[in-house]
Amino acid sequence: MSRYLGLRRLHEVRGFGRSALIAASVTALSLTASGCVVVHGEREVLPTTTRAEAATALQEFTAAYNKADKAYDSSLDAEYTTGALADIDSARLTAGKANSPDGNARHAPLKLTDAKFTIPKKAGWPRWFLADAAGNKGGDSRWLLVFTRSGQDETWEAAYLTLVAPDALPKFAVDEDGWAEAVPANAADPAVPPGELSTAYATYLKKGEAGGEAAFAEGPHTSAWRELRTKKSVRPGLATQYIDEPMTNGDYAPLALRTEDGGALVFFTTRHFEKQTAAAGTSVPTPNKDVLALTTGEIRQTLTMEFVSNQVALDPGDGGGDGEVEILGRIQGLTSAKGE
């Protein structure tokens, strides 16, 4: 897959193809002298699901994901994905179907093993949990999937998917029963409030600094990515411009777990545009067939590509001081393109 499809990482790790939790939102009844008192899961702090249900959700997602990848049919796993992952996966399958109507001849089933589940206790919806598993694609990287659900009768949907090195994962803060802690979007104790990370990251990519007290550690998804984009922007005869936008609402809302050091592991989403403009008298180089499958309009002088990216970041617990945020993993995918 071309670099433009942004899914190449996704393809490489899987060949690959492709709102919160149902805490036991059981209604508890207590008998008092005055009668029955209903304790609603919407208000009580409860584990967002059971470990058995989390395991079932992961199995169902994997089965649907493999069916969709084999057939290049996004309808087969649409019920099990949402947010950033749904955008990335649906576009990949749409391009695949356009170019291979009979399905994915190179399909190899994704297998996830050694699954571990980090389940927070929280009140209200959405409910969500983290699945951390070994995959048969992507080398020794761990597959991190965040599942969400916005109602008790809804299907668990995978909203975030990233791959990280096994030794990069932090230890989570858990209570005596092993339940984790969800960090609110406006929490002030991590270096950057989780709800502000998407905006800070988009600002960093544009300016080289996040603004305020936010800072990002050097790495492949920060300084190296900025350097690569700078080199691409000055190619002779072809100007490339970038626009980076935060995505923070609805199914794209950041989700964070408390780490032992008081910080947070944060999953968040951004949107990125790459506009290529050819010099007068020339045209934009023809992209590969996967990009073309997602392109509207006629590519003459310009090609604007839209990507959705989901990241997982280690947000240190320094009470908003000078701690640097480290992007541990990122998967990006082309979702649309327009030629003019």
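This passage describes a three-stranded sheet and the salt bridges of a predicted model.

The sheet is open and consists of three strands in the order E3-E5-E9, with mixed pairing among them. Strand E3, which covers 46-47, and strand E9, which covers 180-181, form the edges, each of them pairing on one side only. Strand E5 comprises residues 120-122 and pairs with E3 in the antiparallel sense, the contact extending over two bridges. Within this part of the sheet, leucine 46 stands opposite lysine 122, a residue of E5. In general terms, the strands of a sheet pair through backbone hydrogen bonds, and the pairing may be either parallel or antiparallel.

Turning to charged side chains, the count of salt bridges in the model comes to 14. One of these salt bridges joins the side chains of arginine 142 and aspartate 132, with an N to O distance of 2.7 Å. Because arginine 142 belongs to strand E7 (residues 142-149) and aspartate 132 to strand E6 (residues 127-135), the pair ties together parts that are 10 residues apart in sequence. Arginine 142 has a relative accessible area of 10% and is therefore buried, the cut-off being under 20%. Aspartate 132 is likewise classed as buried, with a relative accessible area of 12%.

A further salt bridge is formed between the side chains of aspartate 189 and arginine 258, for which the N to O distance is 2.9 Å. This pair links distant parts of the chain, since aspartate 189 is located in the loop between E9 and helix H4 (197-207), whereas arginine 258 is located in strand E11 (residues 255-258), 69 residues apart. The accessibility of the two partners was also evaluated. Aspartate 189 is partly exposed, its relative accessible area being 34%, whereas arginine 258 is buried, with a value of 9%.

Lysine 232 and glutamate 274 likewise form a salt bridge, in which the closest N and O atoms are 3.2 Å apart. Here lysine 232 lies in helix H5 (residues 223-232) and glutamate 274 in strand E12 (residues 264-278), so that the salt bridge ties together a helix and a strand at positions 42 residues apart in sequence. Both lysine 232 and glutamate 274 are buried. In addition to these individual pairs, Asp69, Asp89 and Arg92 are joined into one network by salt bridges that share partners.

Key
Residues numbered from 1 in each chain as written. Predicted model: local features only at pLDDT ≥ 70, side-chain atom pairs only at ≥ 80, totals over all residues. Heavy atoms only, no water. Pairing = 2+ DSSP bridges. Helix = DSSP H or I, 4+ residues; strand = E, 2+ residues; numbered from the N terminus. Salt bridge = Lys/Arg side-chain N within 4 Å of Asp/Glu carboxyl O. Buried < 20%, exposed > 50% of the residue type's maximum accessible area, 1.4 Å probe, protein only.
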